[in-house]
Amino acid sequence: MIRRNQRMRREYLYTKSLEGTERALFEKKRRIRQALEEGKPIPTELRNEEHELRRQIDLEDQERQVPKSFVDNEYATGTIREPKILLTTSRDPSAPLIQFVKELKVVFPNSQRINRGGQVLSAIVESCRSHDITDLILVHEHRGQPDGLVISHLPQGPTAYFGLLNVVTRHDIKDRKTMGKMSEAYPHLILDNFSTKIGERTATILKHLFPVPKPDSKRIITFANRDDYISFRHHVYEKPGGPKSIDLKEVGPRFEMRLYKLKLGTMEQDEAQSEFELRPYINTAKKRRTLGA
């Protein structure tokens with residue numbers, strides 16, 4: 001198993017190293033294709049390679065005409081198999097954190113929860129790889145309040161680090177009459193305002209935590225980005241009076257997330273390259289919008 005993981009990691013890094021060369025080749029073929037479509041002469045610097053580039057263009061189909069990144073390989077099997085998620089906490093979790101993780105277990109279909117105990121992070125990740133777990137979610141706390149959520153895609157990453165704010169669990173809501181029943185159907189997703197490159201990357205990480213729902217599913221999960229704070233809401237709905245009347249009820253839990261780090265490796269790989277890091281103390285931090293407009 002260790003040799004297999006080492007081989008997969010080498011293949012991943014090799015594919016990543018080839019990305020620059022493949023992107024330069026794609027740009028050359030794009031310029032050749034554009035010149036032929038517009039009836040313009042071939043650029044001078046590409047005339048020596050024109051014959052070989054035109055031969056490659058003729059052999060391409062629609063899929064090959066789009067540049068592929070090593071990032072695309074991370075979720076290549078996302079549409080083939082359903083996600084399999086493992087939930088755990090930091091060491092010595094408090095009662096509120098345990099309750100929050102129990103509710104997250106119902107939020108994410110096909111998930112299972114384990115007690116952290118004295119296990120180290122590297123051992124948990126290796127165990128997940130050997131049991132074909134697709135995503136590992138680790139929840140942190142500070143003085144009994146959940147304050148951190150780490151989502152690591154396996155086997156090679158990426159890993160997203162979120163801060164949690166304003167956490168309200170289903171257990172904390174007093175008025176039970178206004179709450180909907182907790183459904184275990186696969187939910188429909190609403191991903192709002194993830195328009196930048198990092199935003200699209202974050203939306204990809206979040207949406208691959210959920211399998212494809214049935215069209216008649218009456219469960220909705222929303223990730224709405226406002227000023228780089230992602231609001232999580234969980235609802236169910238009914239149509240008591242026909243298709244034009246909708247009774248929407250919140251199920252819980254609810255919380256806000258803020259992305260502060262995104263790295264290309266898994267959770268235990270400290271040497272992995274960081275794709276994004278939040279820097280809130282620079283002069284232009286207030287003006288920047290990382291995830292969307």
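Which residues does H208 touch, not counting residues up to four places away in sequence? This tour of a predicted model reaches that question at its second stop, after a view of the whole chain.

**The whole chain**

Begin by displaying the entire protein chain as a cartoon. Six helices and eleven strands make up its secondary structure. Along the principal axes, the C-alpha atoms fill a box of roughly 75 × 55 × 45 Å. Of the 293 residues, 40% count as buried. Contacts between residues at least 6 apart in sequence may be shown next; 65% of these join residues at least 24 apart.

Now switch to a surface display. The chain exposes about 17,500 Å², and carbon and sulfur atoms supply 50% of that area. If the surface is coloured by charge, 52 positive and 41 negative charges are to be found, and the mean positions of the two sets are 3 Å apart.

**Second stop: H208**

Return to the cartoon and select H208, in the loop between α6 and β7 (219–226). With residues up to four places away in sequence left out, H208 touches Y75, G78, P83 and D135. The side chain of H208 also reaches the backbone oxygen of T204, at 2.8 Å. Is H208 buried or exposed? The relative accessible area of H208 is 18%, and the residue therefore counts as buried, the cut-off being under 20%.

**Third stop: T202**

Next, select helix α6, which covers residues 197–207, and pick out T202 within it. T202 counts as buried because its relative accessibility is 1%. Display the neighbours of T202 as sticks: leaving aside residues up to four places away in sequence, T202 touches F162, F194, I230, L259 and L291.

**Fourth stop: the aromatic rings**

Finally, show the aromatic side chains. The chain holds six aromatic pairs. One of them is formed by F100 and F255, whose rings meet edge-to-face, 5.6 Å centre to centre and with 85 degrees between the planes. This pair links distant parts of the chain: F100 belongs to helix α4 (residues 95–107) and F255 to strand β10 (residues 254–263), 155 residues apart.

Both partners merit a check of their accessibility. F100 has a relative accessible area of 1% and so is buried. F255, at 3% relative accessibility, likewise counts as buried.

To end the tour, select F100, F108, F210, F223, F232 and F255 together; ring pairs link these residues into a cluster.

Technical notes:
Residues numbered from 1 in each chain as written. Predicted model: local features only at pLDDT ≥ 70, side-chain atom pairs only at ≥ 80, totals over all residues. Heavy atoms only, no water. Helix = DSSP H or I, 4+ residues; strand = E, 2+ residues; numbered from the N terminus. Buried < 20%, exposed > 50% of the residue type's maximum accessible area, 1.4 Å probe, protein only. Contact = heavy atoms within 4.5 Å. Areas by Shrake-Rupley, 256 points an atom, 1.4 Å probe, with all protein chains shown as cover. Lys, Arg positive; Asp, Glu negative; His and termini not counted. Charge placed at Lys NZ, Arg CZ, Asp CG, Glu CD. Polar contact = N/O pair within 3.5 Å; in protein donor to acceptor, adjacent residues only side chain to side chain. Phe/Tyr/Trp six-rings, centres within 6.5 Å; stacked < 30°, edge-to-face > 60°.
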